[in-house]
Amino acid sequence: MRVVSLVPSLTEAVAVTAPGLLVGVTDWCTHPAGLEERGAVRIGGTKNPDVRRIAELRPDLVIANEEENRAPDLAALRAAGLEVLVTEIRSLPQALTELDRVLVGALGLARPEWLDEAEAAWAGTEPVGPLRAFVPVWRRPWMVLGRDTFAGDLLARLGVRNVYAGHPERYPRIPVAELAAVDCDLVVLPDEPYRFTREDGPEAFPGRPAALVDGRALTWYGPSLAQAPQALAAALRMAC
């Protein structure tokens with residue numbers, strides 16, 4: 001089977017489980033290393049894939065996500081005669097189900113051991129909190145996690161309550177002055193999609209503990225899920 005993945009997390013999931021299936025990946029697909037050497041072609045970004053180039057690769061399946069990829073691009077791929085599988089992942093249980101649907105259901109692979117390990121790792125997670133936090137994901141303008149997000153669900157399982165979880169938007173824009181005045185225990189700063197660092201982010205919230213976390217552990221649904229609870233918990237404890 002020939003597969004094109006438009007989602008970095010799913011690219012890693014497929015590549016680790018069945019090396020050689022991927023014929024096309026996005027410019028943002030960074031894991032595992034050496035995708036080109038394995039025969040995968042870069043086909044543009046998650047938001048601007050090269051539809052013509054993808055069609056030329058003659059994939060049996062294009063894997064996408066309703067949040068990562070734009071509906072017009074997915075429609076164009078279908079109009080080109082390609083089969084497109086669109087995932088929806090807004091919680092850990094949904095991630096585990098969708099990964100099984102892609103790997104086992106759509107690709108006909110044996111359920112990978114790492115998926116069972118990820119499920120077990122999160123089932124045995126001990127909360128770090130209770131803690132109240134907000135989670136910026138972008139700067140200029142400031143944007144934070146709102147309602148119904150995968151990352152927010154992972155943090156909740158670690159005992160971190162997102163103070164914007166009830167916001168009507170999933171990724172609301174919040175003025176930095178409002179964020180700085182929020183009554184909470186800490187700010188959680190991932191290194192993707194915006195790369196927050198100790199020098200870029202914490203200074204906007206003086207006096208507020210900042211947990212700098214691995215963005216892949218917080219936002220990727222794939223093999224990294226097995227190590228994510230330990231990595232995230234360690235970063236949260238360091239900040240508290």
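A residue counts as buried when its relative accessible area is under 20%. Keep that cut-off in mind as you move through this structure, which is a predicted model.

**Stop 1: A15 and helix 1**

Select A15, a residue of helix 1. Is A15 buried or exposed? Its relative accessible area is 3%, so A15 is buried. Now show what surrounds A15: leaving aside neighbours within four places in sequence, it is in contact with L22, P32, L35 and R38. You can also draw a distance from A15 to H31, since their C-alpha atoms are separated by 8.4 Å although the two residues are 16 places apart along the chain.

Next, colour the whole of helix 1, residues 8–17. Helix 1 is mostly covered, with eight of its 10 residues buried. To pick out the buried ones, select P8, S9, L10, T11, E12, A13, V14 and A15.

**Stop 2: a cavity beside A15**

Stay with A15 and look for empty space. Rolling a probe the size of a water molecule over the atoms shows where empty space is left. How many cavities of 30 Å³ or more does the count give? The count comes to one. The largest cavity has a volume of about 50 Å³. Select its lining: A15, P19, G20, L21, L22, L35, R38 and A40. Sorted by class, this lining holds six nonpolar residues, one polar residue and one charged residue.

**Stop 3: L103, a partner of helix 1**

Move on to L103, which you will find in helix 4, residues 92–106. L103 is at 0% relative accessibility and therefore counts as buried. Which residues does L103 touch, not counting those up to four places away in sequence? They are A13, V14, T17, G108, L109, P112 and W114. Try a distance here as well: L103 and V14 are 89 residues apart in sequence, and 7.0 Å apart in space from C-alpha to C-alpha.

**Stop 4: the two sides of helix 3**

Select helix 3, residues 71–79, and highlight D73, L74 and L77, which are buried. These residues cover an arc of only 100° around the axis, which puts them on the same side of helix 3. Turn the view so that you look along the helix, and then add A71, P72 and A79: these exposed residues sit on the face turned away from the buried side.

What do the buried residues of helix 3 pack against? Show helix 2 (51–56), strand 4 (61–65) and strand 5 (84–87) to see their packing partners. Before leaving, click on G81, just after helix 3, where phi is positive at about 90°.

**Stop 5: the largest pocket**

Now switch on a surface. The largest pocket has a volume of about 990 Å³. Of the 28 residues that line it, the closest to its centre are E67, E68, E192, P193 and T219. Helix 1, strand 7 (136–138) and helix 6 (150–157) are the elements that give two or more residues to this lining. By class, the lining divides into 13 nonpolar, eight polar and seven charged residues.

**Stop 6: two cis peptide bonds**

Two of the residues you have just selected, E192 and P193, are joined by a cis peptide bond, with omega at about 5°. P193 lies in the loop between strand 10 (186–190) and strand 11 (210–213).

Then go back to a contact of A15. P32 is in the loop between strand 2 (22–25) and strand 3 (41–42). A cis peptide bond joins H31 and P32, with omega at about -10°.

**Stop 7: R139 and its acidic partners**

Select R139, in the loop between strand 7 and strand 8 (143–144). R139 is buried because its relative accessible area is 13%, under the 20% cut-off. Which side chains does the side chain of R139 meet in polar contacts? One is that of D200, at 2.7 Å, and another is that of E203, also at 2.7 Å. Among the other residues that R139 touches are Y194, F196, G201 and A204.

**Stop 8: two loop residues with positive phi**

Finish with R58, in the loop between helix 2 and strand 4. Its phi is near 50°, a positive value in a residue other than glycine. R58 counts as exposed, at 57% relative accessibility. D148, in the loop between strand 8 and helix 6, also has a positive phi of about 50° without being a glycine. With a relative accessible area of 44%, D148 is partly exposed.

Conventions
Residues numbered from 1 in each chain as written. Predicted model: local features only at pLDDT ≥ 70, side-chain atom pairs only at ≥ 80, totals over all residues. Heavy atoms only, no water. Buried < 20%, exposed > 50% of the residue type's maximum accessible area, 1.4 Å probe, protein only. Helix = DSSP H or I, 4+ residues; strand = E, 2+ residues; numbered from the N terminus. Arc of directions from axis to C-beta. Contact = heavy atoms within 4.5 Å. 1 Å grid on protein atoms, 1.4 Å probe; cavity = no way out; pocket = protein on both sides within 12 Å on 5 of 7 lines; lining within 4 Å. Points joined across faces, edges and corners; volume = space filled by probe spheres on them. Nonpolar A, V, L, I, M, F, W, Y, C, P; charged D, E, K, R; others polar. Polar contact = N/O pair within 3.5 Å; in protein donor to acceptor, adjacent residues only side chain to side chain.
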